[in-house]
Amino acid sequence: MTPRAVLVGLPGAGKSTSGRRLAKILGLPFADSDDLVEAAAGRSVAAVFADSGEPGFREVEAAAIASALSDFDGVLALGGGALSTAATRDALATAGVPVVLLRATLHTLTARVGDGRTRPLLAADPPGRLGALAAERDPVYRAVATMTIDTDGRTPGQVAATVAARLHERSRA
Ligand SMILES: Nc1ncnc2c1ncn2[C@@H]1O[C@H](COP(=O)(O)OP(=O)(O)OP(=O)(O)O)[C@@H](O)[C@H]1O
Ligand SMILES: O=C(O)C1=C[C@@H](O)[C@@H](O)[C@H](O)C1
Ligand SMILES: [Mg+2]
């Protein structure tokens with residue numbers, strides 16, 4: 001059993017917010033890899049980064065995602081940097097699930113993440129860090145995505161409805 005849809009994109013793209021709405025529309029459970037990491041580690045994402053560094057966080061994250069890809073029947077949102085792990089990119093391709101890339105301009109992302117306090121990789125300079133992450137990650141997101149949705153000017157509910165409609169079209173094709 002694999003997820004019905006996996007959401008990817010930069011911090012602030014709305015993977016958690018729109019993903020939860022999408023799951024509701026589809027009548028499926030929702031999971032977020034950041035929550036799975038916190039459950040596995042028994043600590044917050046920020047605490048895992050502080051205690052084990054980014055490599056330690058990525059290890060727990062990759063294991064949590066591998067497990068969800070093999071037995072979670074719902075909508076799965078990935079943490080913004082999850083695709084930097086090669087094993088996760090490979091596992092997604094092997095699973096053959098729809099991978100939905102949520103996009104937004106840097107201006108919009110910056111406004112949405114605010115001071116970035118809960119996101120260790122954005123700390124101190126959210127706009128600058130988001131720009132650097134976008135340059136590094138956009139090619140990876142694009143290579144893995146099977147569908148891309150622009151979220152600028154759309155509410156989370158509208159984003160979720162658009163994704164649901166596109167998934168429905170795909171399943172009829
Ligand atoms: N389409 C949208 N329109 C307006 N605000 C949004 C939209 N999507 C998300 N937001 C807001 O932006 C903030 C970040 O959203 P969210 O946490 O869902 O992003 P994310 O992609 O899961 O980020 P991360 O990679 O850090 O987990 C939240 O405050 C959320 O309410
Ligand atoms: O973009 C990233 O690398 C991250 C995004 C968050 O969802 C968390 O997974 C963590 O803060 C790292
Ligand atoms: Mg999130």
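Ser16 is partly exposed, because 18 other C-beta atoms lie within 10 Å of its own. The scale is simple: a residue with 20 or more other C-beta atoms within 10 Å is buried, one with 12 or fewer is exposed, and one in between is partly exposed, with C-beta atoms placed from the backbone. This is a predicted model, in which local features need pLDDT of at least 70 and side-chain atom pairs count only at pLDDT 80 or more, while totals for chains, interfaces and linings use all residues. Residues are numbered from 1 along each chain as its sequence is written, and chains are lettered from A and ligands numbered from 1 in the order in which they are written.

**Ser16 and the loop before it**

Ser16 belongs to helix α1, residues 15–26. Helices (H or I, at least four residues) and strands (E, at least two) are DSSP runs, numbered from the N terminus. Leaving out residues up to four places away in sequence, Ser16 touches Asp32 and Ala77. Contact here requires C-beta atoms, placed from the backbone, within 7 Å.

UniProt, in an unreviewed entry, lists Ser16 under "binding site". The same feature name appears in that record for Gly12, Ala13, Gly14, Lys15, Ser16, Thr17, Arg119 and Arg154. These positions span 143 residues in sequence and their farthest two C-alpha atoms are 23.2 Å apart, so they do not all gather at one spot. UniProt also places "binding site" (unreviewed entry) at Asp34, Arg58, Gly80 and Arg137. UniProt positions follow the numbering used here, feature names are shortened, and annotations may be inferred rather than shown by experiment.

Ala13 sits in the loop between β1 (5–8) and α1. Gly14 is also placed in the loop between β1 and α1. Beyond four places in sequence, Ala13 touches Leu102, Arg103, Ala104, Leu109 and Thr151. With that exclusion, Gly14 touches Leu102, Thr151, Pro156 and Val159.

Burial of further residues is set out below.

| Residue | C-beta atoms within 10 Å | Class |
|---|---|---|
| Ala13 | 25 C-beta neighbours | buried |
| Gly14 | 26 C-beta neighbours | buried |
| Arg58 | 20 other C-beta atoms | buried |
| Arg137 | 17 other C-beta atoms | partly exposed |
| Tyr141 | 20 other C-beta atoms | buried |

**The two ligands**

Ligand 1 is surrounded by 20 residues, and the closest are Gly14, Ser16, Thr17, Gly80 and Arg112. Two elements, α1 and α7 (156–172), give two or more residues to this shell. The largest share, 4 residues, comes from α1. By class, the shell around ligand 1 holds 5 nonpolar, 10 polar and 5 charged residues. A residue is near a molecule if its C-beta atom, placed from the backbone, lies within 6 Å of it. Ala, Val, Leu, Ile, Met, Phe, Trp, Tyr, Cys and Pro count as nonpolar; Asp, Glu, Lys and Arg count as charged; the others, Gly among them, count as polar.

Around ligand 2 are Pro11, Asp34, Val45, Gly79, Gly80, Gly81, Arg119, Pro120 and Leu121. That shell divides into 4 nonpolar, 3 polar and 2 charged residues.

**Helix α3 and its partners**

Helix α3 covers residues 45–71, and its axis comes within 8 Å of the axis of helix α2 (residues 33–41), crossing at roughly 110°. That makes α2 roughly perpendicular to α3. By class, their contact has 10 nonpolar, 1 polar and 3 charged residues. On the α2 side, the contact includes Ser33, Asp34 and Leu36; on the α3 side, it includes Val45, Val48 and Val60.

The axes of α3 and helix α4 (residues 86–95) come within 10 Å and cross at roughly 5°. The two helices are therefore roughly parallel to each other. Ala62, Ile65, Ala66 and Leu69 of α3 meet Ala87, Thr88, Ala91 and Ala95 of α4. This contact has 7 nonpolar, 1 polar and no charged residues.

Axes are lines fitted to C-alpha atoms, for helices over the stretch in contact, and angles run from 0 to 180 degrees between N-to-C directions. Angles under 35 degrees count as roughly parallel, over 145 as roughly antiparallel, 65 to 115 as roughly perpendicular and the rest as oblique.

Arg58 also lies in α3.

**Helix α6**

Arg137 is in helix α6, residues 126–144. Tyr141 is in α6 too. Beyond four places in sequence, Tyr141 touches Val8, Gly9, Leu83 and Leu101. Tyr141 and Leu83 are 58 residues apart in sequence, yet 7.4 Å apart in space, C-alpha to C-alpha.

Technical notes:
Contact = placed C-beta atoms within 7 Å.
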